[in-house]
Amino acid sequence: MTTKQFTLEGLHCANCAAKIERAVGALPFVESANLIFIKHTIKIVVKDGFNGDLETILRDIVHKFESHVVVSERETRTNHTASADGDSLKYKLHRIIFGAFLLATGLILEFLTPIEAWLYYTLFIFGYVLLGYDILWRAVVNIRRGNIFNENFLMSLATIGAVIIGEYAEALAVMLFYQTGEYFQSRAVAKSKRSITELMDIRPDYANVERGGEIIRVEPESVKIGDVITVKPGEKIPLDGDVISGSSMLDTAALTGESIPRNTSPGDAVLSGCVNQSGLLRIKVTKTYGESTVAKIIDLVENAASKKAPTEKFITKFAKYYTPIVVALAFVIVLIPTIFHGYFEEAFADSLRRGLIFLVISCPCALVLSIPLSFFGGIGGASRKGILIKGGNYLEALANVDIAAFDKTGTLTKGIFKVTNIYPAENFTKEGLLEAAAFAEAFSTHPIALSIMREHHKPIDNGKLLEYEEIAGKGVSVLASGRRIYAGNAVLMASVGVAVFENQDIGSKVHVAVDGVYAGCIVISDELKEDSKAAIAELKSLGIRKVVMLSGDNRTIAEKVAAEAGVDEVYAELLPGDKVTKLEELNRQKVSKKKLIFVGDGINDAPVLAMADVGIAMGGLGSDAAIEAADVALMTDQPHKLADAIRIARYTKRIVWQNIALALGVKGIFMFLGAFNIAGIGIWEAVFADVGVALIAVINAARVINYKSK
């Protein structure tokens, strides 16, 4: 399959956007279509074998609903849509101001100056055409294309009707009110888009690359692996790489949400998107721009809007059936009085007016605009805190967590093993025991072996090590300076006929034997992360019913960590397949319609991450495996970020349901009042119930972008 992305510049009708998405998705050669109204883009997945002109087909569909929209294949690096939005808003504001001036002038002349009526009527008509020419033209084009019942048609019909019956001032006033509401709505959407864009303002604009003895400014995409780039103080690091010279403090807030800078020096790996704060850095590039951390994060957040939440999908489906139903009801409102009371010009005009009011109020734009904006804002706000959520579906799921399951090593614990105790046997010193263990572990890359080497902190002459052998599941054997050394678990010691002396310490134990004599035991432990206990407590305070730990480690060690962290249940000595089985059991235990989440390190827990309703990985400040393996990545490796993610998800859900209640509630009341001609509901009130409610809903949705968790 092939994926294509297009920009729809000038698309301002959320309801029309939903119709375009449905129409494109219904094409036989299209696997899926996702239109992101906030970004004015559509992503289309085309089935294999299609050789047609997709852009032309898309343009025809778009122009059926919105004839003025400019369709073009999406550019990778462009800001033209944002500037175009700004120009459009300025032009619309100037029209509104001049239209308001004409209306005020006409009303003053009508009531205060005894002049010919045609003069102020001319002012009203001129103002009406000035404000409404684009709406009238779109209505005509849409009718010609078979797309009749939309806002352009309804506003044109309502205001032309007012002109026909001589209500020129009302026609101009209604068009002025409608355009003013549309202006503020567009401005609110543009501001929200800007806020979200600023949250993800980590895209580097250029790279200073060293070529031929000179430093040349180029686009990051043109830099190759192995090139050396220079990053000055105040500049963003454009690509991932290793520091080869220079020291500095790095601002990682754009990636992690953390305000404390990180120190970097030669030999350190650095990530694109960080800001160099102090010294000059020379960096050897290790990844192309497309594979760099910044590119992956931007792509992840931008594409998150295509994975729609169940509520969002429901509203889109609801709008599909809602529109034809209200059109049918409007016809009933017009026809029933005529059928029962006979045709009277005045009665028919009244029922027609009520039918038009009903239709103007009924437009579902407030729903189909504000709800995607709420989820998009929630995802953008979470990203600012170093929480990458891959879609609205996962954001909504996080609001309904019942059971949280955690891996142990690297998730609740630091995953950095260190020697905590050394117990030498008789006739051996601590130094001698540690040296023997270091000889045995010199060739191993296991975390336990590395912790022994760090504790020994002396160079090992590998030339003196002979007959090295790893004994699966038990340990290692080596001949060092003529001595046979075994290092491993108690099973290994028993297999070579050496009796061990157990101790009560909790941790991984490495027993050592030299020439058949027991040399002692080294205890190695992993530490609980500083915020793990607080994170578990926060989850429980949020109403998470059960917190579980799944570990492949020794039962005693796992139970100790679980007790320290405050976990409710612990399952230890689990193989990867056992974790899957245990998660299936937990899945059956969750409350109906609630969610099970699993938090792991994103490397060894891929099967469990995939099985959970939401798989959450510790991102390790840009770990590729974490970003790709899970539905959510916590970029700082801090468990307490999970509580932040749940709070943001719940706040977003609350905003979404507020907007649903607002839109359906206010519109329902106004539709009822207008249909039965109660409380004098007119076109003005109808326009408010449509555009005004949409504006309020958009402003409310924008609150989620700046949500500050506890």
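## A walk through the predicted model

Let's start with a histidine: His40 sits in the loop that joins S2 and S3. Keep in mind that everything here comes from a predicted model. His40 is a buried residue, with a relative accessible area of 2%. What does its side chain find there? A polar atom of the His40 side chain lies 3.1 Å from the backbone oxygen of Leu11.

The two strands on either side of that loop belong to an open sheet of 4 strands, ordered S2-S3-S1-S4 and paired in the antiparallel sense. Strand S2 (30-36) and strand S4 (70-73) take the edge positions with a single partner strand each, so each has one side without a neighbour in the sheet. On average, neighbouring strands here are turned by 20° against each other, ignoring direction. If you want to follow one pairing in detail, take strand S1 (residues 2-9) and S4, which are joined in antiparallel fashion over 4 bridges. Glu9, for instance, stands opposite Val70 in S4. Helix H1 (residues 14-25) lies across S2 and strand S3 (41-46), and it runs at about 165° to S2.

A little further along the chain, helix H2 (residues 54-65) carries a salt bridge. The partners are Arg59 and Glu55, whose side chains meet at 2.8 Å, N to O. Why are these two well placed to meet? They are 4 residues apart in H2, and that separates them by about one helical turn. An α-helix has 3.6 residues a turn, so residues three or four places apart point the same way. Both ends of the pair are partly exposed: Arg59 has a relative accessibility of 26%, and Glu55 has 23%.

Now jump to Leu398, which lies in helix H12 (residues 392-398). Is it buried or exposed? Leu398 is buried, with a relative accessible area of 0%. Setting aside neighbours within four places in sequence, Leu398 is in contact with Ile389, Ile597, Val614, Ile616, Val632, Ala645, Ile646 and Ala649. Ile646 makes a nice example of how the chain comes back on itself: Leu398 and Ile646 are 248 residues apart in sequence, yet their C-alpha atoms are 5.4 Å apart in space.

Next comes another open sheet, this one of 6 strands in the order S16-S21-S20-S19-S18-S17, again with antiparallel pairing. S16 and strand S17 (465-471) are the edge strands; each has a single partner, so one side of each is left without a neighbour in the sheet. Neighbouring strands are turned by 15° against each other on average, direction ignored. S16 and S21 pair in the antiparallel sense over 6 bridges, and within that pairing Ile422 has Ile522 in S21 as its bridge partner. Helix H14 packs on this sheet, where it touches S16, S20 and S21, and its direction makes about 75° with that of S16.

So which residues of H14 are buried? In this helix (residues 447-456) they are Ile448, Ala449, Ser451, Ile452 and His456. They span an arc of only 160° around the axis, which means they lie on the same side of H14. Their cover includes strand S16 (418-424), helix H13 (430-441), strand S20 (508-514) and strand S21 (517-525). Just past the end of H14, His457 adopts a positive phi of about 40°.

There is also some charge pairing to look at around here. Glu530 and Lys414 form a salt bridge through their side chains, at 3.1 Å, N to O. This pair links distant parts of the chain: Glu530 is in the loop between S21 and helix H16 (532-541), while Lys414 is in the loop between strand S15 (401-407) and S16, 116 residues apart. Glu530 is exposed at 68% relative accessible area, whereas Lys414 is partly exposed at 31%. The two also belong to a network of salt bridges that links Lys414, Lys418, Glu527 and Glu530.

One last pair is found in helix H17 (residues 555-565), where Lys560 and Glu564 are 4 residues apart and separated by about one helical turn. Their side chains meet in a salt bridge at 2.6 Å, N to O. Lys560 is partly exposed at 37% relative accessibility, and Glu564 is partly exposed with a relative accessible area of 33%. Across the whole structure, a search finds 21 salt bridges.

Key:
Residues are numbered from 1 along each chain as its sequence is written. This is a predicted model: local features need pLDDT of at least 70, side-chain atom pairs count only at pLDDT 80 or more; totals for chains, interfaces and linings use all residues. Side-chain values use heavy atoms; hydrogens and water are left out. Two strands pair if DSSP finds at least two bridges between them. Axes are lines fitted to C-alpha atoms, for helices over the stretch in contact, and angles run from 0 to 180 degrees between N-to-C directions. Contact means heavy atoms within 4.5 Å. Buried means under 20% relative accessible area, exposed over 50%, partly exposed in between (1.4 Å probe, protein chains only). The arc is that of the directions from the helix axis to the C-beta atoms. A salt bridge is a side-chain nitrogen of Lys or Arg within 4 Å of a carboxyl oxygen of Asp or Glu. A polar contact is a pair of N or O atoms within 3.5 Å; within protein, one must be able to donate a hydrogen and the other to accept it, and residues adjacent in sequence count only if both atoms are side-chain atoms.
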